[in-house]
Amino acid sequence: MAKDIRNRNVNGTSSNFFSSQNSSMTTKKLVIKNLKSSILTPPADYFDKIWPLLKQALEAILNGRNSPTNEEQLYRHIDHLCTTTSTNEAINSQPSLLYENLKGVFDDHIQTLLPTLLSDINDSNGYLRVLNSIWNDHLVRSILIRQLFIVLDRTYVLHAAVPNIWELNQDLFRRYIMQNSIISNRCVNGLLKLIEQERRGETIDRTLMKNLIRMLIDLHLYKKDFEPLFLQSTEELYHNEGRTLIQTLELSQYLSHVERRLHEEQLRIKNYIDQSTKLQLIHIVENNLIANHIKQMLSKSFDTLIDENRLSSVAVMYDLFLRTGPLGINDLREAFGNYIKVHGRVLVIDVDKDDKMVDELLEFKEKLDHFVHECFHSNEKFGNILKDSFEFFINQRSNKPAELIAKAVDARLRTGNKEATEEELEKILDKLLILFRFIHGKDVFEAFYKKDLAKRLLVGKSASVDAEKSMLLKLKQECGNIFTSKLEGMFKDIELSKDIMTAFEQYLHGHKAPENIGMSVCVLTMGFWPTYPTVTAILPPEFCRLQEIFTTFYLSKHTGRKLQWQYTLDHCLLKGWLKQKAVKEFHVSLYQALVLLLFNQQNDVTYKDIHEQTKIVEPELKRTLQSLACGKIRLLNKKPMSKDVNSDDLFSLNTSFEHKLIRIKINQVQLKETPEENSSTTERVVQDRHCQIDAAIVRIMKTRKTLSHAQLMAEVFSQLKFLLSTSVVKIRIESLIEREYMKRSAESANVYEYVA
Amino acid sequence: MRIRLKEFNGVAVWKWVTNDDSCGICRMQFDASCSECRYPGDQCPVLHGECRHCFHEHCIMKWINAQQTNKLCPMCRGEWKSLP
């Protein structure tokens with residue numbers, strides 16, 4: 001009908017409008033009707049007729065031959081058989097009959113495969129190949145048959161609760177072949193043998209492996225038959241391998257071996273083992289090769305790895321341990337910390353190596369930093385253990401490291417330090433500062449730093465004011481205002497002295513200037529600077545006059561003060577007419593000047609006379625004479641010639657003195673630290689610490705009123721940062737009891753009471 | 001051979017002229033500053049009284065200004081008159 005209307009619309013032009021209106025008014029519907037099934041209902045014995053044909057074809061396919069009947073025809077028969085519906089029960093049951101018969105054929109066929117697979121094939125590899133080819137044939141043929149019987153699959157199988165043809169085929173294969181314990185064992189053992197061969201380094205047929213494992217997976221036998229045995233054999237292998245190799249191999253070799261094994265197993269998964277086994281497999285390898293041996297690896301030769309700077313091995317170690325979880329990493333971290341403590345202590349503790357200590361510490365630190373960055377991927381926890389361990393060992397020796405770090409800084413900041421540009425200098429100062437950060441007794445550092453800074457500033461040996469200021473700033477950032485306030489005061493004094501000197505020069509213009517002698521003076525504020533011993537010496541008149549002029553000037557500007565000259569820090573420029581024309585200038589210390597000026601009057605002077613006429617204190621005078629007569633630059637001759645100055649030596653001017661420079665510095669002796677200076681600096685720190693201990697004890701007692709000895713000790717130790725011994729604290733307590741800050745309790749000698 | 005002094009670079013330490021080591025009020029050494037100042041210097045000199053006692057200027061002025069009636073030396077309770 002619809003077709004008619006369309007035809008009319010196309011042909012009839014004028015009636016177009018009318019007719020379409022008309023048709024919409026009668027509302028015609030499109031109706032889809034079922035496809036007409038073939039009119040022929042198959043006869044009741046249709047199945048019996050076609051089955052022999054089908055069976056013949058099936059057997060042909062199953063045996064790998066071409067079907068004798070045309071497959072198209074067979075397909076139509078099956079189609080006909082399956083799609084016909086009828087009231088006749090016999091006809092309706094035909095598909096199920098077909099299915100059952102099909103099953104029977106499969107069943108029979110698969111059983112014919114058994115003898116081959118049960119026969120003796122000694123070579124397990126050959127056996128696997130046979131199995132593989134049977135499986136492959138089975139697959140190809142199953143597919144062909146499924147295609148042929150696809151109508152059965154889509155009609156009967158859909159409604160009846162039976163497996164489809166493909167599954168049926170697989171089920172049968174599984175049941176008869178792979179669930180046969182002999183075949184299954186031979187197959188699985190064969191596979192395991194191949195894997196073992198590959199693990200030994202031989203090449204195997206990976207495609208064969210892959211196919212058969214695929215087969216096991218397809219037949220749902222992988223998890224049951226293969227995987228447990230595979231994992232078990234893996235476990236056994238690596239368990240033994242781990243135990244023997246950790247004994248025989250060197251650690252770095254062992255580590256790379258483990259790395260290689262892991263890589264191989266991962267490849268194995270990629271190549272043929274199923275992904276689902278990955279976690280378990282890798283876990284087994286990690287457990288047996290790494291986790292079980294962590295302690296042994298660390299105790300065995302971890303230290304040697306670090307000693308020998310084997311960054312790559314340690315990096316591998318870290319990566320491997322990281323796989324096994326936090327425990328291994330913790331152990332590694334501890335081992336790293338212990339290494340630092342043990343080896344660092346060696347650097348610090350040896351008295352004979354003091355001059356190299358700081359350099360070695362810097363080197364050690366740099367090396368360890370390298371490990372943290374390169375091997376431990378800058379893991380924060382490793383950075384922390386590095387710091388903690390450094391702090392631990394560097395404080396194992398009290399005071400000396402702090403002193404030596406201060407001196408190292410001094411050496412870098414002095415003039416004549418040619419090693420560095422400004423940037424390099426900054427860098428090395430930063431590094432030294434890092435070491436300084438680990439030191440508990442910062443007061444020792446401060447004392448020595450201050451002493452050296454004073455010399456640099458006063459004797460004019462500071463390499464650069466900028467570097468000095470930047471170091472000061474660093475210390476300030478590190479330790480706060482109070483720590484550096486005195487150091488800043490020193491800089492302030494130097495600035496102030498410059499102002500004073502400009503004023504002084506103007507002042508000199510108005511007064512009679514002493515015969516062309518230049519003069520500059522640094523005026524120090526007592527509290528900022530290290531305390532210097534007051535020494536006396538007899539000065540020649542020109543010196544006295546200069547000092548007087550300056551003192552008068554200074555006191556006129558600042559009332560209520562007095563000036564004390566520090567002879568050990570004074571230095572002079574001397575002009576010497578050696579021969580006819582050779583004029584030289586010498587930078588000398590005041591003491592050196594005093595000695596040299598004596599030779600204007602006499603040619604030969606004995607030690608005793610020098611001592612008599614200058615009154616320089618004994619050790620200083622000896623040092624001064626030594627610097628003039630026994631150093632590199634010899635202005636004086638000494639009789640007898642020797643390295644040490646004795647009290648009956650005779651001195652004379654070295655008239656044959658020659659030097660290529662005009663201006664010569666021989667006052668380095670002033671910069672050198674004398675043993676007395678060193679001990680007095682340390683002594684002062686000790687005194688300061690006594691005061692701090694006293695203060696801490698009094699503070700604690702004031703809050704607690706009564707406290708047992710043990711408790712008091714514990715509190716004191718927790719409050720004070722520097723290393724202190726119990727005996728010192730005990731002495732301080734005794735002293736405080738004596739001074740009546742506290743007393744022993746009347747009831748118990750072990751309890752103290754605060755005295756208000 | 002003749003040797004002559006050409007230049008003299010001296011170092012001197014200044015101290016307050018006092019009769020005592022430390023200030024009787026703040027107990028700080030005179031060589032250090034009083035508790036209010038960061039540095040010792042002319043902003044806070046040492047004042048001497050007629051009674052021969054001396055104090056940081058800041059310390060004694062604070063004391064004197066706190067006194068209601070008579071200005072007394074905190075050490076000897078005599079009348080405080082500072083020497084020029």
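A:Asn399 sits in the loop that links helix 20 (380–394) and helix 21 (400–413) of chain A. Helices here are DSSP runs of H or I with at least four residues, and strands are E runs of at least two, numbered from the N terminus. The phi of A:Asn399 is near 70°, a positive value in a residue other than glycine. Most residues other than glycine have a negative phi, and most peptide bonds are trans. A second backbone feature is the cis peptide bond between A:Lys639 and A:Pro640, with omega about -10°. A:Pro640 belongs to the loop between strand 6 and strand 7 of chain A.

This is a predicted model, in which local features need pLDDT of at least 70 and side-chain atom pairs count only at pLDDT 80 or more, while totals for chains, interfaces and linings use all residues. Residues are numbered from 1 along each chain as its sequence is written, and chains are lettered from A and ligands numbered from 1 in the order in which they are written.

**Chain A overall**

Chain A holds 32 helices and eleven strands. Its radius of gyration is 51 Å, well over the 27 Å that the globule rule gives for 756 residues, so chain A is more spread out than a compact globule. That radius is taken over C-alpha atoms, and the globule rule is 2.2 Å times the number of residues to the power 0.38. Along its principal axes, the C-alpha trace of chain A spans about 155 × 90 × 80 Å.

The domain assignment gives domain 1 (1–32), domain 2 (46–179), domain 3 (184–324), domain 4 (495–557), domain 5 (571–673) and domain 6 (676–754) of chain A. Such bounds come from an automatic or database domain assignment. The centres of domain 4 and domain 5 of chain A, taken over C-alpha atoms, are 25 Å apart. Five residues of domain 4 of chain A are in contact with seven residues of domain 5 of chain A. Contact means that the C-beta atoms of two residues, placed from the backbone, lie within 7 Å. On the domain 4 side of chain A, the touching residues are four nonpolar, one polar and no charged. Ala, Val, Leu, Ile, Met, Phe, Trp, Tyr, Cys and Pro count as nonpolar; Asp, Glu, Lys and Arg count as charged; the others, Gly among them, count as polar.

**Chain B against chain A**

The contact between the chains takes 25 residues from chain B and 45 residues from chain A. Strand 1 (residues 2–16) of chain B supplies 15 residues, the largest share of the chain B side. By class, that side has 15 nonpolar, two polar and eight charged residues.

Strand 1 of chain B also pairs with strands of chain A. Two strands pair if DSSP finds at least two bridges between them. The table lists strand pairs, including those across the interface.

| Strand pair | Bridges and sense | Residues opposite |
|---|---|---|
| Strand 2 (561–565) of chain A, strand 1 of chain B | five bridges, antiparallel | A:Leu563, B:Trp14 |
| Strand 3 of chain A, strand 1 of chain B | seven bridges, antiparallel | A:Cys572, B:Phe8 |
| Strand 3 (571–577), strand 4 (583–589) of chain A | seven bridges, antiparallel | A:Trp577, A:Val583 |
| Strand 5, strand 7 (650–653) of chain A | three bridges, antiparallel | A:Thr606, A:Leu650 |
| Strand 10, strand 11 (751–754) of chain A | three bridges, antiparallel | A:Arg744, A:Tyr752 |

Farther along chain B, an unreviewed UniProt entry annotates residues 34–77 as "domain: RING-type". UniProt positions are given in the numbering used here, feature names are shortened, and annotations may be inferred rather than shown by experiment. Over residues 34–77, chain B is 23% helix and 14% strand, and the end C-alpha atoms are 22 Å apart.

**Two open sheets in chain A**

One open sheet has three strands in the order 5-7-6, with antiparallel pairing. Strand 5 (604–606) and strand 6 (636–639) of chain A are its edges, each pairing on one side only. Neighbouring strands of this sheet are turned by 30° against each other on average, direction ignored. Helix 29 (residues 618–629) of chain A packs on the sheet and touches strand 6 and strand 7. The direction of helix 29 makes about 110° with that of strand 6 of chain A. Axes are lines fitted to C-alpha atoms, for helices over the stretch in contact, and angles run from 0 to 180 degrees between N-to-C directions.

Another open sheet of chain A has three strands in the order 9-11-10, also with antiparallel pairing. Strand 9 (706–708) and strand 10 (742–744) of chain A stand at the edges with a single partner strand each, so one side of each is left without a neighbour in the sheet. The twist averages 25° from one strand to the next. Helix 30 (residues 675–704) of chain A packs on this sheet, touching strand 9, strand 10 and strand 11. The direction of helix 30 makes about 115° with that of strand 9 of chain A.
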